[in-house]
Structures are given as C-alpha cells and as structure tokens.
Amino acid sequence: MADNSIDVRGLYKIFGANGKKYVEAVQNGMSKDELNAKHGHVLGLKDINIHMPQAKIQVIMGLSGSGKSTLIRHINRLIEPTVGEVIYQGEDVCKMSESDLREFRRHKTAMVFQKFALLPHRTVITNALYGLELQGIGNADAEERARHWLKRVGLDGYEDRYPNELSGGMQQRVGLARALTNDADILLMDEAFSALDPLIRTDMQTILLELQEELHKTIVFITHDLDEALRLGDRIAILRDGAVIQQGTGQEIVLNPADAYISDFVKEVNRGRVIRVDTIMESGTNGSASVAIPSGSRLEDAAKLLSDSGEASANIVDGEGASIGSISMKSTIEAMVTPAKH
Amino acid sequence: MGVFTDKSLTEILTEFPEMSRTDLRDFKKGIDESFKVFTREWGVGIEDFFEPLLRVLVWFEKLVVATPWPLMIVILGALVYAGARTWGLVVGTVLTLLVVGYLGMWEDMMFTLALISVSTALCIIIGIPLGILMSKSDRTQAVITPVLDIMQTIPSFVYLIPILMLLGIGKVPGLIAVCIYAIPPVVRLTNLGIRLVDKDVLEAADAFGASPRQKLWTVQMPLALPNIFAGVNQTIMMALAMVVVAALIGVNGLGSEVLKAVNNQYLALGLMNGLAIVAIAIVFDRVSQKFGKRLQKHSEVIHG
C-alpha cells in the first residue's frame, strides 16, 4: 500500500505583494507585528514542519488568526506557499504543474469546509457527486456512489432536496458525503464542525470517528476547540501566530504543556477523557486485584470500572489478556484532577 | 506678449480662446473625409459581413407575419406559460394581442416582435461572452466599462450617422443601432453576476479540482443566472425603447407608425402604436421577471 502520510517541511507564508523578500528577515527573528508595521506584509505561517501520519487524524489547533486555515489550504495548494514543501508520496505539491495539481485535487484529496460551501443550485445528491462529475465519471455510477455515502452519513431520503432546505448539521453531512464520495486518501476538514450546535457537533464527531475506523484516511482536521482536538486527534499540532508551538498526542500535550499559553488552554480539559491508564500505571501485577482494565483505556472509563466493581485497584491487561501493570482508585482520581501548578 | 497688447482684458475674458475657424473646419473635414475613405474601402465588405444577419431577420419577419394569427396567439401564449407558469399572464397576453390586432396593428406588431427577438438574441450571443470575459480580469473590465457607459449615454442619433454612412438605410443598420443601445445591461449584469458568486463555493470547486471551464459552467454561470437574466430583461426593455429610432433608418413596425404620427400630428395613431409598444414591453417584462424568479427557486426555502 502506498504511503499516504503528508510531510510539511519548512513552510512559510507571508501575505503581501512581495512576500519572498521578507522570508530571511522572519527567519532572523522578525516578529509578525514588526513585519506588518515596517513592511506592510502579514506573516501567515512561520517555519511549519509537521509529519502527518497516514491513516490517522492530525488535528491542527489554534485560535482565530493563528494560521490554521492558511496551513490546511497549503496541503491542496489553494494558497501558494512563499517557501517550503508539502510532500505527498515523494512529490512536492507546491511544485506540481497546474494540470498535475488538478489531478491531485481530484483524486487524492477531498475537503470539508466550515461554511459548508455547497452548491446552492444543486440538489443534495448532485452536490455529493460533484467531485466525481469533475473527474468525468458517468452519471449512473456517480449517483450510485453518492447515494451510498449519503446513506452512511444519515441522509437517506434527502437526495432531491436543496441545501437551503436543510439545517446546518444536515448541510454539513452533505459536505462530508461530498468529500467521502470523492474516495480520496486525504480528507481535509477546515473547522468542519465549528459552525454546528454542540450536540450536533458531537454527533458529527462520532460519525467521523466511526467512518475513520473502517476508512483509514489521512485526515487533517482544523479546529479551535481543544475538546474536539483531544477527542478526534491521533496527533495534535498547536499553532500560534503562524508557528507551531507544540505537537504530539493529546495526552502528551495535556501532561506536558510546552508553555504558559498551552497550559492555560489545557487546564479546563477533562483529563479523565484524555489520559490513558498506561501513563499512570505502576509496574507489576497486583495479586489481590480482580478487575482487569484493557491497556489504552481512558482514566474516566477505568474509574467507572473500578467504582462499579467496588475494588480499590485493578490490573492493566494487554490485547492477549496478560497483565502489564496496575492502578489504584486513588492514583486514578489524582491523575484526573487538574494539578495546582497548571 | 503680443496677446496682451493687441486685445483688451475684457476681450480676453469674454471671448473663449477657440481654435481658428479654418483650422476647425479642416479638422472636421479631415475626420469626415477619412471616414468616407474608410466607407468606400470597407463599406461593401462590412455590408457582406452583416448579410447573414439580414437574412435571419428577414426570414424571421416573414415567418411571424406569415403565421396565421390564431396560431401565433397560441404560440405566444404557450411561450408565456413556459416562461412564467402563471395562467393570469397568459390570459393578459392573449387579450393584449387580440386588442392590438383588432385595432389594426397586428402586422406592425409582428414586425416589431421580430426586431426585438432578433436584436435581443444578438445582444445575448455577444453580450454574455463579453460579460464573462469582463469578469475574468479587472483590466478587461476597466477597458469595457467606459465603452458601455458611452454606448448608454451618447445620443443615439450620433451613432446613427456613421452607421448610415456605412450601411445606408435598412433593417441591418436599425438592428445594429438597437443593439448598441440595448447590449450594455446584459454585459454589465453577466460580469456582476459572476463576480458576486460566493467565494466559498468557488473555493470548494477549486478544492475538488475543477478546471476553469468546469468552474464556469458548474458554479459561476448557474449562480450568476438570476443576475444575467435581470440583464436580459433590461436589454429587452431598452431594445423596445429604440423601436422608434430604428424606424428612422428604415425598420418598419410599430415604430414607423409612431414616426408617421409625429410627422403628421396624428394623435390617435401615435397613441395607439405607442401604447402597443408599452403593452409588448409589459408582457416581456413580466414574463422575463417571473422566469428569473423561477431560476432562483432553490434559494427561496430557507431553513430557520
């Protein structure tokens, strides 16, 4: 199987008439404000290096203006980089010819947008098959595939409606179906669920996670919501003022925030949903414990298992059922409470 | 300093320092002469160029005049229904046609309908591609916009002169005069419509790998259509407004009757033909507006 990981290397984006001229200045430490005040150019992205693993969800997180939407648009080159590379299967997306780029966008990527960006004059099904239509795939075949994915996202029976007849959540399901129908290896999701109500957002996250279990796409997911990032992201990169300030798994970020900015972010997080039992377990089997908790479980689930059983400690078991360590109720609860230093 | 010694100050201030009479005469003469040379050289060629247009117009005129009136009323009623989907408008149209015909203006009305149809078609065929071109680049827009401004504001009699010199009196020069006046709205609104298309939707088309042509036909044109149609509506209205001017250079129809009425001070004739033009205008306007509204149907049902 081809490697579907994406490597972003040394990516800079400086908005303005003559961005290239100021790359060196930025490399030498010129700040965003200084660049804007002195030269009237806006620093969008600064030395981005991210390896986005294949078949995983890479979350890019940051507040508005941090450059996250700019970054995702470099992966399918909706925005031209000032300097830098985006490598996919050995090829630099930033150097592709116009027609190669079009083929890359048609077959390798699909995108879901914050504001849905559906074609308002087309029905749900013709929206869903839009990507296939652009590829030149015949109507009957395209329709069948679109119907399949509309069903998967729960839009059975809405095929002939217009987007304006649907609620926001349903419109974004159409957006998701349109992207999935394209059958591309890379799924780019630009704040895809940010415009939705909290309950519907959780629904959509669940749908995405369920689909990902069988599809194994390389997903790049942009969000400003840390809870969403922690729930979805296999890996998370945090962006601030156009630069990556920390990347790693959700647990790594919550346990070891790189600076005050990030610890500020993570202090409100429900740690029980992020930290895994493996992180806090003590080595050695506890002979008196009768409860077994699978390795990789979240603390929240472990705590529930422990309290349900009435036991004070439990063993952590791997896939084969062999014990690899133990936890106690006390250590679990301690780890779930935000430490005072944060 | 000669100026100040020869003339008094009051003379300098009251008399505009204009070009000398001989220079001015030579200047105008030069322009006239060179255009006459151009006419002699190219007149025939240009006439040949417009020959197919003449044939289409004549053929269409003959067709609508030769069609039996009851059939014509049925056809027009059906067209109105196809465009507007309302029976009220169909009834109104049929009544209008019957009244105008009863008052002795059937054939003139058919000539005018033919002229308006052909000139509108011509305006659309030229205007929409021009509008698309204009929407593609700001530079093209900057060049075409002032030209359109001139076409809409210059008194139509002014461009009748070169047209007459080149092509003489006849249907084609009339058609061209109508189109010069009537084409700007469809060009402007095509350009505007395409430029107003939601950037997010365009970005989505890009992200899915649409080529510029695919983007034009799957996103830009469909979403610009309501605006383009508003432009077509305006073009039709302006073409109707030019009917009398077209009659001046030999296009027959309701316009030439109005002209006759002006020349002879026939009040009733003028009013009747004038009102017939108004009636056609109202029918065209209502039908095209209803049609334009139907094009936007997808945006009507908004979810709360």
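Buried area is the accessible area, found with a 1.4 Å probe, that two parts lose on being put together, summed over both. In this predicted model, chain A and chain B bury about 2,200 Å² between them, and carbon and sulfur atoms account for 63% of that area. The text below describes this interface, then the one between the two domains of chain A, and ends with the confidence of chain B.

**Chain A against chain B**

The contact between the chains involves 29 residues from chain A and 22 residues from chain B. On the side of chain A, His121(A), Leu134(A) and Asn164(A) supply 26% of the area buried against chain B, more than any other three residues.

Two salt bridges are counted between chain A and chain B. In one salt bridge Lys115(A) is paired with Asp200(B), and the closest N and O atoms lie 3.5 Å apart. Eight residue pairs are in polar contact across this interface, with both residues at pLDDT 80 or more.

Four elements of chain A, namely α4 (98-107), β6 (109-112), α6 (130-135) and α8 (168-181), give two or more residues to the side that touches chain B. The largest share, four residues, comes from α6(A). By class, the side of chain A that touches chain B has 13 nonpolar, seven polar and nine charged residues.

**Domain 1 against domain 2 in chain A**

Chain A is divided into domain 1, which covers 54-81 + 97-270, and domain 2, which covers 273-336. Taken over C-alpha atoms, the centres of these two domains of chain A are separated by 34 Å. Seven residues of domain 1 of chain A are in contact with six residues of domain 2 of chain A.

The area buried between the two domains of chain A is about 590 Å², with 56% given by carbon and sulfur atoms. In domain 1 of chain A, the residues that lose the most area to domain 2 are Gln251(A), Leu255(A) and Asn270(A), together 79% of what that side buries.

Zero salt bridges are found across the interface of domain 1 and domain 2 of chain A. Four residue pairs are in polar contact there, both residues being at pLDDT 80 or more. Helix α11 (residues 250-255) of chain A gives the most to the side of domain 1 that touches domain 2, with four residues. That side of domain 1 of chain A has four nonpolar, three polar and no charged residues.

The table sets out the two interfaces.

| Interface | Buried area | Share on carbon and sulfur atoms |
|---|---|---|
| Chain A and chain B | about 2,200 Å² | 63% |
| Domain 1 of chain A and domain 2 of chain A | about 590 Å² | 56% |

**Confidence in chain B**

Chain B has a mean pLDDT of 90, and 96% of its residues reach 70 or more. Within chain B, confidence is lowest in helix α1 (residues 2-6), at a mean of 56, and highest in helix α9 (residues 199-207), at 95.

Note on methods. Residues are numbered from 1 along each chain as its sequence is written. Chains are lettered from A and ligands numbered from 1 in the order in which they are written. This is a predicted model: local features need pLDDT of at least 70, side-chain atom pairs count only at pLDDT 80 or more; totals for chains, interfaces and linings use all residues. Side-chain values use heavy atoms; hydrogens and water are left out. Domain bounds come from an automatic or database domain assignment. Contact means heavy atoms within 4.5 Å. A salt bridge is a side-chain nitrogen of Lys or Arg within 4 Å of a carboxyl oxygen of Asp or Glu. A polar contact is a pair of N or O atoms within 3.5 Å; within protein, one must be able to donate a hydrogen and the other to accept it, and residues adjacent in sequence count only if both atoms are side-chain atoms. Ala, Val, Leu, Ile, Met, Phe, Trp, Tyr, Cys and Pro count as nonpolar, Asp, Glu, Lys and Arg as charged, and the others, Gly among them, as polar. pLDDT is the predictor's confidence in each residue, from 0 to 100.
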